[in-house]
Amino acid sequence: MEVVIVPDAKAGGELIAEAMAKLLRRKPDALLGVATGSTPLPVYEALAAKVRSGAADVGRARIAQLDEYVGLPADHPESYRSVLRREVLEPLGMGMDQFTGPDGTAEDVQGACEAYDKALSDAGGVDLQLLGIGTDGHIGFNEPCSSLASRTRIKTLTEQTRIDNARFFDGDIDQVPHHVITQGIGTILEARHLVLLATGEGKADAVAATVEGPIAAVCPASALQLHPHATVVVDEAAASKLKLADYFRHTYVNKPEWQGI
């Protein structure tokens, strides 16, 4: 995988947004996989600025959801469908007809999981999947010891993940659902380009395990090592535990400009 160390979160957002804009110029109807949380917000802000300036066109683009809480109504302000509408679709001027995601309110949850995997396949697959990473190395909601071949499925959240997400529910962990639908690691690995963004010292151990550790289910993000086109974008704080940080800086500075990320 390629590791790109940037000065700060804003620089990381600009870099990834430019990669998305270039993809859309090559393939206007590209399917962009998006993640929720605070980490990817600089990406969406930078991409929205490009759309406003005319540097990116999302008129034919499509957005795919990575995961969703089970049991939250679709119009609940913290359902990921609602979050992505506020943070991605509306700022980009995109409609819900350009969006696809799993049904977290379905009575047949397993059926909804299988239907979403099929929907992604029928759509031609994800062209670029943006990922965040948890402090324990999870991607999507594939918690530690998730199968590296897993498909979209229901998962039970760890207590730490529920604690981390309580900030979105007025700090009340009792409001955080126990279950989610998430794209599995096997599903995620089918995207043509994986881009993981990590910022802050709190992600440093997870980033080091992902990039330089063994491929192991205990760190689900380490599965990115298996992907032919995976890019890890980290700020200085998140890169602080990388033994090969100087090498990563050198290779990025000296790569051909036409390669992009």
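In the predicted model, Ser82 touches Ala74, Asp75, His76 and Pro77, when residues up to four places away in sequence are not counted. Ser82 itself belongs to helix H3, which covers residues 80-92. Because its relative accessibility is 1%, Ser82 counts as buried, the limit for that term being under 20% relative accessible area.

The main sheet of the model is open and is built from seven strands, which follow one another in the order E1-E10-E9-E6-E2-E3-E5 with parallel pairing. Strand E1 (2-6) and strand E5 (99-100) stand at the edges, and because each has a single partner strand, one side of each is left without a neighbour in the sheet. In general, the strands of a sheet pair through backbone hydrogen bonds, and the pairing may be either parallel or antiparallel.

Within this order, strand E6 stands between E9 and E2, and its pairing can be followed residue by residue. Strand E2, made up of residues 31-34, is joined to E6 by two bridges, and the two strands run parallel; here Leu32 has Leu128 of E6 as its bridge partner. With strand E9 (residues 193-198), E6 pairs over four bridges, again in the parallel sense, and in this pairing Leu128 stands opposite His193. Leu128 thus has a place in the description of both pairings, with Leu32 in one and His193 in the other. As for the side chains of E6, Leu128 and Leu130 point one way from the strand, whereas Gln129 and Leu131 point the other way, and all of these residues are buried.

The loop between helix H4 (109-122) and strand E6 (128-131) contains Asp127. Is this residue buried or exposed? Asp127 counts as buried, because its relative accessibility is 6%, and buried means under 20% relative accessible area. The side chain of Asp127 makes a polar contact with the side chain of Lys27 at 2.8 Å, and it makes another with the side chain of Arg192 at 2.9 Å. When neighbours within four places in sequence are left aside, the residues in contact with Asp127 are Leu23, Lys27, Ala30, Leu31, Arg192 and His193. Among these contacts is His193, the residue of E9 that Leu128 stands opposite.

A further pairing, in this case antiparallel, involves strand E7 (residues 153-156), and four bridges join E7 to strand E8 (residues 179-182). One of the residues concerned is Ile154, whose bridge partner in E8 is Ile181. The two faces of E7 are described by their cover, since Arg153 and Lys155 make up the covered face, while Ile154 and Thr156 make up the uncovered one.

Two loop residues remain to be described for their backbone angles. Cys145, which lies in the loop between E6 and E7, has a positive phi of about 80° although it is not a glycine. The relative accessibility of Cys145 is 59%, and therefore it counts as exposed, the limit for that term being over 50%. Asp170, which is found in the loop between helix H5 (159-165) and E8, likewise is not a glycine and has a positive phi, of about 60°. With a relative accessible area of 73%, Asp170 is exposed.

How values were computed. Residues are numbered from 1 along each chain as its sequence is written. This is a predicted model: local features need pLDDT of at least 70, side-chain atom pairs count only at pLDDT 80 or more; totals for chains, interfaces and linings use all residues. Side-chain values use heavy atoms; hydrogens and water are left out. Buried means under 20% relative accessible area, exposed over 50%, partly exposed in between (1.4 Å probe, protein chains only). A polar contact is a pair of N or O atoms within 3.5 Å; within protein, one must be able to donate a hydrogen and the other to accept it, and residues adjacent in sequence count only if both atoms are side-chain atoms. Contact means heavy atoms within 4.5 Å. Two strands pair if DSSP finds at least two bridges between them.
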